[in-house]
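Colleague: I'd like to learn how to read a protein–DNA model. Could you walk me through one?

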Number of protein chains: 2
Amino acid sequence: MENCSFSLDTAFHALADSTRRAVISRLMKGPAPVKELAEPFDMGLPAFLKHLRVLEESGLIATEKSGRVRTCRIRPKHLSEAETWLSEQRALWQAGADRLATYVENQMTEDDDE
Amino acid sequence: MENCSFSLDTAFHALADSTRRAVISRLMKGPAPVKELAEPFDMGLPAFLKHLRVLEESGLIATEKSGRVRTCRIRPKHLSEAETWLSEQRALWQAGADRLATYVENQMTEDDDE
DNA sequence: CTTATTGTTTGCCAAGTGGTGAACTGAATG
DNA sequence: CATTCAGTTCACCACTTGGCAAACAATAAG
């Protein structure tokens, strides 16, 4: 069970940073070593490794070291769990929208203006 | 334009807390005043108001005060923007999955075990 | 007017985050 | 063996977060 350490808290926290989201986007195109991942960013290796650690502990990525290079890859299953929470909430809202159609429509047009 | 202060950073950060996610869930069922929202949680009003402020600054909710009660409501459009980012990433991954079908399938089964 | 209700502000604190530079480990490479 | 290369660890720092208690509005109810 300690392997199943996935939580929405850590997943959303991991996504709440543009550096980490960029790493996710990059890894979507395929695995990569740490140095290649770190190159686009204007920060030292220690700082970047902290971001990688946050991503790994959130379960969104996995890493494996072979020789002197650590290769990182995405874990799409855990990313989709965060997506699932959001879409469930939207479904909940849509259910309520049927009940309160008129009211909610007013809120939405108000949102358009803001 | 200063009203259009939506960013994925603040949105995901707002979602990275179970109290705030519970508030979102509650508001999906309809607007509510602060006191009713705060009741389920074991924390003082000041602490809870900080959570509300995070949610409001993230654009996920809006609040309005009339008389002595502040009413909170959801802003579904901004919630769906976070969902959009996630589903776009998944789409990106699926595009790559076609190219690297065999490799990625190995990673997925490995994910099943972990 | 008096009092209870509903926020709101202020000051404070412990813990966490995001970065730095410097020193170090361990695997290639010449 | 000596050197570079990729990553890691460590100590440190400024800043933010998430909670508290207490004092302070401002409105509603009696």
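Modeller: Sure, we'll take the ground rules, then one residue, the core and the two DNA strands. This is a predicted model, where local features need pLDDT of at least 70 and side-chain atom pairs count only at pLDDT 80 or more, while totals for chains, interfaces and linings use all residues. Residues are numbered from 1 along each chain as its sequence is written, chains are lettered from A and ligands numbered from 1 in the order in which they are written, and side-chain values use heavy atoms, with hydrogens and water left out.

Colleague: Is Thr63(B) buried or exposed?

Modeller: Buried means under 20% relative accessible area, exposed over 50%, and partly exposed in between (1.4 Å probe, protein chains only). Thr63(B) has a relative accessible area of 17%, so it counts as buried.

Colleague: Which side chains make polar contacts with the side chain of Thr63(B)?

Modeller: A polar contact is a pair of N or O atoms within 3.5 Å; within protein, one must be able to donate a hydrogen and the other to accept it, and residues adjacent in sequence count only if both atoms are side-chain atoms. Here the Thr63(B) side chain pairs with that of Glu56(B) at 3.1 Å and with that of Arg70(B) at 2.8 Å.

Colleague: Which residues have the most contacts inside the largest nonpolar core?

Modeller: In soluble globular proteins, nonpolar side chains tend to be buried together. A nonpolar core is a set of buried Ala, Val, Leu, Ile, Met, Phe, Trp, Tyr and Cys residues joined through side-chain atoms within 4.5 Å. The largest one has 50 residues, and Phe12, Ile24 and Leu52 of chains A and B have the most contacts inside it. Counting contact as heavy atoms within 4.5 Å, Phe12(B) touches residues including Phe12(A), Leu15(A) and Trp85(B).

Colleague: On to the DNA. How many residues surround strand D?

Modeller: A residue is near a strand if one of its heavy atoms lies within 4 Å of it. For DNA strand D there are 22, with Lys35(A) and Lys50(B) among the closest. Of the strand D atoms within 4 Å of the protein, 67% belong to sugar or phosphate and the rest to bases. One base case: a polar side-chain atom of Arg68(B) lies 2.8 Å from a base oxygen of strand D.

Colleague: And what surrounds strand C?

Modeller: DNA strand C has 21 residues around it, with His51(A) and Lys35(B) among the closest. A side-chain N or O atom of His51(A) is 2.3 Å from a phosphate oxygen of strand C, while Lys35(B) brings a backbone N or O atom 2.7 Å from a phosphate oxygen of that strand.

Technical notes
Lists of a residue's contacts leave out its neighbours within four places in sequence.
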